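Subject: Structure for your review

Dear colleague,

Please find the structure below, together with its sequence. My findings follow it, and I would be grateful if you could read them with the model open.

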Amino acid sequence: MLVHPWDSAPPAEWREWLRAGHDFGQLIAPGRDRDLPIIVPTHFTLDREDGNTVWLHLARPNPVWRALDERARATLSVVGDYTFIPSSWNGGVPTSYYAAVLLECDVRVVDDPAEKAVILNRQLAHFQPGVRPEVDRNERLLSGIRGIQLTVTDVTAKFKYGGNKPAEVRAHIAGQLVRRDGLFDRVAADHVGERLTQPT
């Protein structure tokens, strides 16, 4: 992924973005000597303390396990807050605004039932707060899944919101996004606004 200096997101920014609800991505396992990687859409939970550990679980028949056996490395790709910027707003050239975080990770597959229960309980606490976890003794449920712990070794984070444009152009685009009010237009406008005080 090409990241210009004006698009780069520092660790504090991308971690907060992930913690704020961007918790669905694509796990990409290249394996070894494959024509194409295995790509699995999945929810995940990010460690709120260190920001460098990710947990998830997948069904036992998932094809990703063979690729992870071949090579215990994967990328977790998370993209969001995206919108199309028409050419008329952007000096004659259409473009896309978006946030993207690529987490390069070492992978540990978790088969121990107690550890899998911890992963599931962690996900339940995140996605269903207030619901009492009851998976610890559900052997049938636990036997049908495998857990994954991802340890982040490198990150590429890009928040592409016109950071190379003059402030007046960015302000105009933010206003246009608010007026259009499409699916992610307002949150994209917020990202643009956050960058209005940054140098071009």
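Two strands are taken to pair if DSSP finds at least two bridges between them. On that basis E6 and E7 pair in the antiparallel sense, over 13 bridges. Please note that this is a predicted model.

Overall composition

The protein contains 6 helices and 7 strands. Read from the N terminus, its elements follow the order α-β-β-β-β-α-β-β-α-α-β-α-α. Along the principal axes, the C-alpha atoms fill a box of roughly 60 × 45 × 25 Å. Of the 200 residues in the protein, 42% are buried. Among contacts with a separation of 6 or more, 73% are between residues 24 or more positions apart. The protein exposes about 10,800 Å², of which carbon and sulfur atoms supply 52%. As for charge, there are 24 positive and 26 negative side chains, and the centres of these two sets lie 2 Å apart.

The sheet

The 7 strands form an open sheet in the order E2-E1-E5-E6-E7-E4-E3, with antiparallel pairing. Its edge strands are E2 (38–43) and E3 (45–46), each of which pairs on one side only.

Strand E1 (residues 24–29) and E2 are joined in the antiparallel sense over 6 bridges. Here Ile28 stands opposite Ile39 of E2. E5 and E6 also run antiparallel and are joined by 11 bridges; Phe84 stands opposite Ser96 in E6. On the pairing of E6 with E7, Val101 has Ala157 in E7 as its bridge partner.

In a regular strand the side chains alternate between the two faces of the sheet. E2 shows such an alternation: Ile38, Val40 and Thr42 point to one face and are buried, whereas Ile39, Pro41 and His43 point to the other face and are not buried.

Helices against the sheet

Helix H1 (residues 11–19) lies across E3, strand E5 (73–85), strand E6 (95–110) and strand E7 (145–160), and runs at about 80 degrees to E6. Helix H5 (residues 167–180) also packs on the sheet, where it touches E5 and E6; the direction of H5 makes about 85 degrees with that of E5.

Individual residues

Four residues may merit your attention.

Gln123 is located in helix H3 (residues 113–127). Is Gln123 buried or exposed? Gln123 counts as buried because its relative accessible area is 7%, which falls under the 20% limit. Leaving out residues up to four places away in sequence, Gln123 touches His43, Phe44, Thr45, Trp55, Leu56, His57 and Gln128. His43 belongs to the set of E2 side chains that are not buried.

Ala59 lies in strand E4 (residues 53–59). Its relative accessibility is 39%, so Ala59 counts as partly exposed. Apart from neighbours within four places in sequence, Ala59 is in contact with Trp65, Gly144 and Ile145. The C-alpha atoms of Ala59 and Pro94, which are 35 residues apart along the chain, are separated by 41 Å.

Asp33 and Asp181 are of interest for their backbone angles. Asp33 has a positive phi of about 60 degrees although it is not a glycine. It is found in the loop between E1 and E2, and it counts as exposed because its relative accessibility is 81%. Asp181 likewise has a positive phi, near 55 degrees, in a residue other than glycine. Asp181 lies in the loop between H5 and helix H6 (185–194). With a relative accessible area of 43%, Asp181 is partly exposed.

When you examine the model, I suggest beginning with the sheet order, E2-E1-E5-E6-E7-E4-E3, and then turning to H1, which lies across E3, E5, E6 and E7. The loop between E1 and E2 can then be located through Asp33, and the loop between H5 and H6 through Asp181.

With kind regards

Technical notes
Residues numbered from 1 in each chain as written. Predicted model: local features only at pLDDT ≥ 70, side-chain atom pairs only at ≥ 80, totals over all residues. Heavy atoms only, no water. Helix = DSSP H or I, 4+ residues; strand = E, 2+ residues; numbered from the N terminus. Contact = heavy atoms within 4.5 Å. Axes fitted to C-alpha atoms, helices over the stretch in contact; angles between N-to-C directions. Buried < 20%, exposed > 50% of the residue type's maximum accessible area, 1.4 Å probe, protein only. Areas by Shrake-Rupley, 256 points an atom, 1.4 Å probe, with all protein chains shown as cover. Lys, Arg positive; Asp, Glu negative; His and termini not counted. Charge placed at Lys NZ, Arg CZ, Asp CG, Glu CD.
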